[in-house]
Structures are given as C-alpha cells and as structure tokens.
Amino acid sequence: MQPYELIKTKRDGGRLDPADIRAFIQAYTAGTVADYQMAAMCMAVYFQGMDSRELGAWARAMLESGEVLDLSDTPAVKVDKHSTGGVGDKVSLSLAPLAAACGVPVPMISGRGLGHTGGTLDKLESIPGFDVNLSTEEYRRLVREVGCCLIGQTAQVAPADKKLYALRDVTATVDCIPLIASSIMSKKLAEGIDALVLDVKVGSGAFMKRDEDARTLAKTMIGLGAEMGRKVVALLTDMDQPLGRKVGNALEVMEAVDMLRGEAPEDYTEITYALTAEMLVLGKKAATVDEARQKLRRAVEDGSALRKLREIIQSQGGDPRSVDDYSLLPQARSTVDVVAPRTGFVTGIDTEGVGLAAVALGAGRQRVDSKIDPAVGFTLLKKVGEAVKEGEPVVRVHYNDEAPVNGVKARLLAAYRFGDAAPAPRPLVRERVE
C-alpha cells in the first residue's frame, strides 16, 4: 500500500496489516514518508485507535527501527522507570541514583519536554557540562561501571520514535493511548532493560485525566512488555497538582538534590520512594516493598545516594560541585510573586495550566526548534489544602525575559482555585497494576 491508502484506511476506521505498518514505519524512519503524512496518520490513530494486533506491530516496528542494545555484560537485573509525564515531575533525577546506590543498574534513555510536561533530558542539561548524547558504547560502559547512565535517544536507538516524539508534541497527538504506549515501550525495550516500572500519571496535569484511562494505558504497556518478555509493574500516581514545589529545569534539579538529602517536599519524596522500591523488588535487591523502602531510607541517610548522583554527573561530563553549590546551576535574574485574591484555602490547581504557563515563560517548547531557558520556572509557595490570606504570595515566578511575565501571572492565577474549606487529601498512589 501507498502511504495515502494506509492513512485513508485508518482514518475510515479500518485495520492495518502488520506488514504494512512495518513498511510505513521503516519508510518514515528513512524519510520517504514525510512528516505531514505521519502527522495525518497520528491524527487518524488518535480518533480511530488501534487493536492489539496493530499496536503490537506498531510498537515492534518502532523498536526494530534501530539497534536493540545488549547489556548482558552487566549481569545484574537491569531496571528502568518511565513516567508518562507531569508538571514538576523530577522523580527520575533522584530515583536513578537512589536505585543505583542500592545495587540496581539503571539504564535510562529519556525524552525531552512534551506538550505541557517537562522532560528529563532538559532538566539534566541544566547541570553545567552534563552530556546526554553519549555513544552506545559509553552508555554500556557507564551502566556496567557506574550502575547508571542517563541519555537521550541516539540515532541508533528507536530512531522512529525519536522523530515521532517531536512531531506529536506539535501536532496535538500527544494524549493518545496507542501512540503513548508504543513510544514508551519501543524506547524502553531498546535500552537493554530486564524490567520496567511505569509511573502513569493521572489528573489535571497528566495526559490521562481519568483513572480509567490511566489504567487502560498501564495495562496496554504491561501487555506490550509481556509480549516482548519483560516484567512491567505500573503505579497510577496523582497529578492533580504539580509534584513538589519546583517547576522548571534547574529549579527541579535543586529539588531532586534536596530529596537525596532528605529535605524535599513530602509528596515528591513519597512518590520517589514508592517507584524506586518497586525497582528494588524487580531487581532482586529486596524481597518486599517494605524492605526496599528501608534500604532506600538508609541510602539517603548515609549519603550514598547523593554520592552516586555526584558520580553520575561527573561520569557524564557534568560539574558535580553543582550538587553542593546551587549557584553553579542556571539562575533567573528576577522573581515576581502571584498573590492570593482572597483569604481561605487552595482547593485545586489546574496543573496543565501551570505547565502551559511554564512553557509560555520559556521552560518548555512551543515549537520543535524552540530554545529552552533552563533557569526559569516557578516555586509553588502554596499547594492544595493549604491556608492563604488575601495578598499572600502563592507562586513565585523566576524569569529572565519580562515580556511574557504578565501573561504568565494571569495564567497561574487562573489555574488556582480558592475556597472556604480545605478539600480532603487524595492518595498519591492511586493504584498498582501488574
């Protein structure tokens, strides 16, 4: 079939043959299927979906579009974690050194910001000198010798997904279960892992707004993992407000370091422990989640997790002094506060609105080729359930360019809801799926 015929078939609700899917993905990777044709296909999939046979073929074609890495020279069980994306979600920055400090090798190939959500690579690159563009040979060596390596997709690893990831970001096809599942699993299974923990975000700041959609996505990815011989566990975690207090690349690095010192906000610390504990169980370094949590707390208390972060940063060309001296990280020139319009409580936060405000400020991308400002972002001085007084600051905006600030402040104020009573707290981990 020609690309036109395949796009038309899917647009009209038809099923695609696995061989045609494979050929379409191969042609897109090679550049003979144009971006506008793939964009049309993604929109057709967004509206028509895929059945399990189509999805399996699509994910496998993405996986096999490049090299599937062999990490057998690292004999331990290799485990990664992937988040479906949220606002203030800097968990990977603390989880990876924490798991590695406890003996679980973490080979992590991450992505950049997508839509209103931040990207691990963008956060890592705010650390002076940190190189996420290592060769696969160097990646293998660091996983073996350091116990962790954090890189972006190379030209050899799932190249179809690398192209498609950027395209979806600017064509309103991010929040589509088949495309999310195939993107995540093709990339993760190509990196040489034995097991995977999924952090499936659900709420106003997630691509999945409803628990049932998040559950469907989790089960879809677990099924793809099982089909390819990998053990996958998923936690559905709350994203009805930003995670932690910091939003923005360098700001989130600071909070991640704080977590490894035992000084981070409770919600961020709890989610990090919950996900990393699952990694230790899958990696056979703990028999139970409770035992894993005890080991994680010890790694924070004795400083070994923080030492591992310094080692990772140094091994990837970064300046490890930035862990101890935040002035070495990018700093915004100015700050301004958004204040509460009334006395009462914060009753809700439109978290996607906060993420879009961060993009407007320069912390994320509005176009594929947009340049990110690593210094800018927000400090959330008040979160859901906390009391406020009229005129009291609720968000601090860290900025360099004054032009977007008034619009960003208006977006943030619109994202906050206030009332007379604090809402009942919601669980941070809503569900475990395996």
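This briefing walks through two helices, a buried serine, the cysteines, two unusual backbone angles and the cavities of the structure above. Please keep in mind that the model is predicted. A search of the whole structure finds zero disulfides and four cavities of 30 Å³ or more. Helix H9 turns up in several places below: it holds Ser183, helps to cover the buried residues of H4, and gives the most residues to the lining of the largest cavity.

**Helix H4**

- Helix H4 runs over residues 52–63, and its 12 residues should span 16 Å at 1.5 Å a residue; the end C-alpha atoms are 16 Å apart, so the expected and modelled spans agree.
- At the N-terminal end of H4, Asp51 acts as a cap, with a side-chain oxygen 3.2 Å from the backbone nitrogen of Arg53.
- H4 is mostly covered, as nine of its 12 residues are buried.
- Those buried residues are Glu54, Leu55, Gly56, Ala57, Trp58, Ala59, Ala61, Met62 and Leu63.
- The cover over them includes helix H1 (3–11), helix H2 (18–30), helix H3 (35–48), helix H8 (159–169), H9 and helix H10 (211–227).

**Helix H3**

- For the 14 residues of H3, a rise of 1.5 Å a residue predicts a span of 20 Å, and this agrees with the 20 Å between its end C-alpha atoms.
- Its buried residues are Gln37, Met38, Ala39, Met41, Cys42, Ala44 and Val45.
- H1, H2, H4, H8 and H9 are among the elements that cover the buried residues of H3.
- Just after H3 comes Gly49, which takes a positive phi of about 75 degrees.

**Ser183 in helix H9**

- Ser183 sits in H9, which covers residues 177–190.
- Its relative accessibility is 3%, so Ser183 counts as buried, the cut-off being under 20%.
- Leaving aside neighbours within four places in sequence, Ser183 is in contact with Met62, Asp161, Tyr165 and Arg168.
- One of these partners, Met62, is itself a buried residue of H4.

**Cysteines**

- A disulfide is a covalent bond between the sulfur atoms of two cysteines.
- The whole-structure search finds zero of them.
- Cys102 is in no disulfide, and the nearest cysteine sulfur, that of Cys148, is 12 Å away.
- With a relative accessible area of 15%, Cys102 is buried.
- Cys149 is in no disulfide either; its nearest cysteine sulfur also belongs to Cys148, at 7.0 Å.
- Cys149 is buried, with a relative accessible area of 0%.

**Positive phi outside glycine**

- Ala158 has a phi near 40 degrees, a positive value in a residue other than glycine.
- Ala158 lies in the loop between strand E3 (148–152) and H8, and its relative accessible area of 0% makes it buried.
- Ala172, also not a glycine, has a positive phi of about 60 degrees.
- The loop between H8 and H9 holds Ala172, and here the residue is exposed, with a relative accessible area of 57%.

**Cavities**

- Of the four cavities of 30 Å³ or more, the largest has a volume of about 350 Å³.
- This largest cavity is lined by 31 residues, and the closest to its centre are His82, Ser83, Thr84, Gly85 and Tyr165.
- Strand E1 (79–83), helix H5 (91–101), strand E2 (106–110), helix H6 (120–124), H8 and H9 each give two or more residues to the lining.
- H9 gives the most, with five residues.
- Tyr165 also appears among the contacts of Ser183.

Methods: Residues are numbered from 1 along each chain as its sequence is written. This is a predicted model: local features need pLDDT of at least 70, side-chain atom pairs count only at pLDDT 80 or more; totals for chains, interfaces and linings use all residues. Side-chain values use heavy atoms; hydrogens and water are left out. Helices (H or I, at least four residues) and strands (E, at least two) are DSSP runs, numbered from the N terminus. Buried means under 20% relative accessible area, exposed over 50%, partly exposed in between (1.4 Å probe, protein chains only). Contact means heavy atoms within 4.5 Å. The expected span of a helix is 1.5 Å times one less than its number of residues. A polar contact is a pair of N or O atoms within 3.5 Å; within protein, one must be able to donate a hydrogen and the other to accept it, and residues adjacent in sequence count only if both atoms are side-chain atoms. A disulfide is a pair of cysteine sulfur atoms within 2.5 Å. On a 1 Å grid over the protein atoms alone, a cavity is a set of points where a 1.4 Å probe fits but cannot get out, and a pocket is an open set with protein on both sides within 12 Å along at least five of seven lines; lining residues have an atom within 4 Å of a point. Grid points are joined across faces, edges and corners, and a volume is the space filled by probe spheres set on the points.
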